[in-house]
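Trainee: I am new to this structure and would like a close look at a single part. Could you walk me through how the helices pack there, and then show me what lies around that part?

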Amino acid sequence: MPGPNLARLATLLPHDPELQAYQPCPSVQSLVDAAPTTIEIIQQLCQGYAERVALKWCSNGATTPDYKHTMTYREVWGKVLTMATVLSTKGWLRKKEFVAVCGFASPGWVLVDILGLYLGAVLVPLPLNVPYEDLKYMLDESGAKVVFVAAEESESLAENVLGKEGVCPSVETVVVMDYGCEEKGQAYVAKLRPLLPASVVRVLTMEELVLMHDKKNSSSSSSSSSSSSSALLPPAIPGAEGWEEEPNPLLGLMYTSGSTGRPKGAMYTEALMRALWHTGFSWGAGEIPVVSLGFLPLNHIGTTCFPPLRPFPS
């Protein structure tokens, strides 16, 4: 970070209670620095800053920024765990399989980013500024089993890409992301079902994924004394037990725009992902509180270099 910004921070910090509240904790930062994998970095942050706000976002359609909606680190981690458990136990998405995500910057996209890392799945961010034929190519080449799509983009994606019989046959699950308005998400789900081929087995909202685990857990708890946490899937950790053969697996496939022909997928392994995410958590050796504004498309590598999830609000 350039000197003038540090000088401005030194001026602001003594007089800004918000920045003071988001001052990184040295003990948490030391755990982040020592974490050997990307998902363990995120786990340390979510546990160490559990009650801090991780994400803030505006109401849909707000003409001026209101940032009414928030999610704490505890809530982020909890939603990722429950979705990962449902997807894995039902066999909808597992380690080494591909998951695509399409839409604008949103809290839902951040959750999918972490969800892929948690499962050990390969994340395929789909850009919005490419022809539909290129989107079909990306989905076909990657063999994505699950597609997370923003509500506003879902109908277009279904009509022009996923809705063509025989196109993208690997896609079995479509999840609509519309955080903060579940009713609106359900309306989009109802629109999508008749547009999609029989190969797409299920269409649901992101919140439904979370509720699936909650409902199953509440019903099983009435007939079992086991705790709810025992039913949650542990994270897939590269190089650890159950994944010893691959300490540096593929975790991301980021496609180019295809300006020189077909889009090309750049492969991002665990080592690269860890380096990128750790950079976002370690400004000034992890001593600087930062409030970041996310507006770039999240399929862009620049947003991965500076992840929207930090020990301070985004």
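Mentor: Happy to! Let us begin with a term: a crossing is called left-handed if the near helix is turned anticlockwise from the far one by less than a right angle, and right-handed if it is turned clockwise. Please keep in mind that this is a predicted model.

With that term in hand, look at helix 4, which passes helix 5 in a left-handed crossing. The two pack at an angle of about 135 degrees, and their axes are 8 Å apart. Helix 4 and helix 5 are therefore oblique to each other. On the helix 4 side, the contact is made by Ile39, Ile42, Gln43, Leu45, Cys46 and Gln47, while helix 5 brings Tyr73, Arg74, Val76 and Trp77. Sorted by class, the residues of this contact are seven nonpolar, two polar and one charged.

Now turn to the other partner of helix 4. Helix 3 covers residues 26-34 and helix 4 covers residues 38-48; their axes come within 8 Å and cross at roughly 165 degrees. That angle makes helix 3 roughly antiparallel to helix 4. The crossing of helix 3 and helix 4 is right-handed. Val28, Leu31 and Val32 of helix 3 meet Ile41, Gln44, Leu45 and Gly48 of helix 4 here. This contact has five nonpolar residues, two polar ones and no charged ones. Notice Leu45: this residue is listed in the contact with helix 3, and Leu45 is also listed in the contact with helix 5.

Arg74 deserves a second look as well. Side chains of opposite charge can pair when their charged atoms come close. The side chain of Arg74 meets that of Glu51 in a salt bridge, at 2.2 Å from N to O. Glu51 sits in the loop between helix 4 and strand 1, while Arg74 is in helix 5; the pair links distant parts of the chain, 23 residues apart. Glu51 is exposed, with a relative accessible area of 55%.

From here we can follow the salt bridges further, as the structure holds eight of them. In one of these, Lys145 pairs with Glu97, and the closest N and O atoms are 3.4 Å apart. Lys145 lies in the loop between helix 7 and strand 5, and Glu97 in the loop between helix 5 and strand 3, so the salt bridge ties together parts that are 48 residues apart in sequence. Lys145 is buried, with a relative accessible area of 15%, whereas Glu97 counts as partly exposed at 24% relative accessibility.

Helix 7 has a salt bridge of its own, in which the side chains of Glu133 and Lys136 meet at 3.0 Å, N to O. Glu133 and Lys136 are separated by about one helical turn because they are three residues apart in helix 7. Glu133 counts as partly exposed, at 47% relative accessibility, and Lys136 is buried, with a relative accessible area of 13%. Elsewhere, salt bridges that share partners join Lys96, Glu245 and Glu246 into one network.

So, when you go back to the picture, start with helix 4 and its left-handed crossing with helix 5, then find the right-handed crossing of helix 3 and helix 4, and finish with the salt bridge between Glu51 and Arg74.

How values were computed. Residues are numbered from 1 along each chain as its sequence is written. This is a predicted model: local features need pLDDT of at least 70, side-chain atom pairs count only at pLDDT 80 or more; totals for chains, interfaces and linings use all residues. Side-chain values use heavy atoms; hydrogens and water are left out. Axes are lines fitted to C-alpha atoms, for helices over the stretch in contact, and angles run from 0 to 180 degrees between N-to-C directions. Helices (H or I, at least four residues) and strands (E, at least two) are DSSP runs, numbered from the N terminus. Angles under 35 degrees count as roughly parallel, over 145 as roughly antiparallel, 65 to 115 as roughly perpendicular and the rest as oblique. Contact means heavy atoms within 4.5 Å. Ala, Val, Leu, Ile, Met, Phe, Trp, Tyr, Cys and Pro count as nonpolar, Asp, Glu, Lys and Arg as charged, and the others, Gly among them, as polar. A salt bridge is a side-chain nitrogen of Lys or Arg within 4 Å of a carboxyl oxygen of Asp or Glu. Buried means under 20% relative accessible area, exposed over 50%, partly exposed in between (1.4 Å probe, protein chains only).
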